[in-house]
Amino acid sequence: MGFREIKAEELNGNTFEMIGKQWMLVTAKNSKGQVNTMTASWGGVGIMWGKPVAFIFIRPQRYTKEFVDDSNYVSLTFFEEKYRSMLKYMGTVSGRNEDKIKHESLTVAEYDGCPYFEEASVVFKARKLYAQDLDKDCIIDNEIIDKWYPNDDWHTMYVCEIEKMLVR
């Protein structure tokens, strides 16, 4: 069964559950045509600048960050529970060291030049609008620094317009 396009407000599902518990893959294609992906469980969706947007956060050492920085588009893909082990793998193995997409036998597809995975159940095609490194001086609750940033490896926050939403 293929995908069908829906409007963002038609999405069925709890995005807190989808992102925080089920996880997602953040995927981008660089200017050389290579695709890389990583598992993420931080982020959100909402409205900003009058547009449906997704907020994603990537640490500087993640290989996928290079791809996201080199592209105008990213996809956020969500999967059924049977893909849990794949999502764990994608979050622990670096694409610098091996072709993890091939290892997991995922099928890369593209929608208007934005890569995503055929095996997904939900796809957000998103265009980057804004990127900024999180700033230690802006943290109000110092416990966040101690717990999440003991190595000063601050995430970059991306705000991305959700241009297309595909569901099975």
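In this predicted model, strand β7 (residues 108–111) and strand β8 (residues 114–117) pair in the antiparallel sense, and 4 bridges join them. Within this pairing, Tyr111 stands opposite Cys114 in β8. The hairpin that β7 and β8 form has 2 residues between the strands, and there Asp112 takes a positive phi near 50°.

From the hairpin the account turns to the interior. In soluble globular proteins, nonpolar side chains tend to be buried together. Here the largest nonpolar core has 26 residues, among which Leu11, Val26, Ile56, Leu76, Phe78 and Phe124 touch the most other members. At least two residues of this core come from each of several elements, including α1, β2, β3 and α2, while β10 gives the most, with 5 residues. A second core, separate from this one, includes Leu87, Ile101, Phe117 and Ala120 among its 15 residues.

The two cores can be set side by side.

| Nonpolar core | Number of residues | Some members |
|---|---|---|
| Largest | 26 residues | Leu11, Val26, Ile56 |
| Second, separate | 15 residues | Leu87, Ile101, Phe117 |

Phe78, one of the residues of the largest core that touch the most other members, is in contact with Met18, Ile19, Trp23, Met24, Ala120, Ser121, Val122 and Phe124, if residues up to four places away in sequence are not counted.

Helix α3 (residues 84–92) has its own set of buried residues, namely Arg84, Met86, Leu87, Tyr89 and Met90, and of these Leu87 also belongs to the second core. The buried residues of α3 pack against two helices, α1 (15–22) and α4 (100–103), and against two strands, β2 (24–29) and β3 (35–40).

Technical notes. Residues numbered from 1 in each chain as written. Predicted model: local features only at pLDDT ≥ 70, side-chain atom pairs only at ≥ 80, totals over all residues. Heavy atoms only, no water. Buried < 20%, exposed > 50% of the residue type's maximum accessible area, 1.4 Å probe, protein only. Contact = heavy atoms within 4.5 Å. Pairing = 2+ DSSP bridges. Core = buried A, V, L, I, M, F, W, Y, C linked by side-chain atoms within 4.5 Å.
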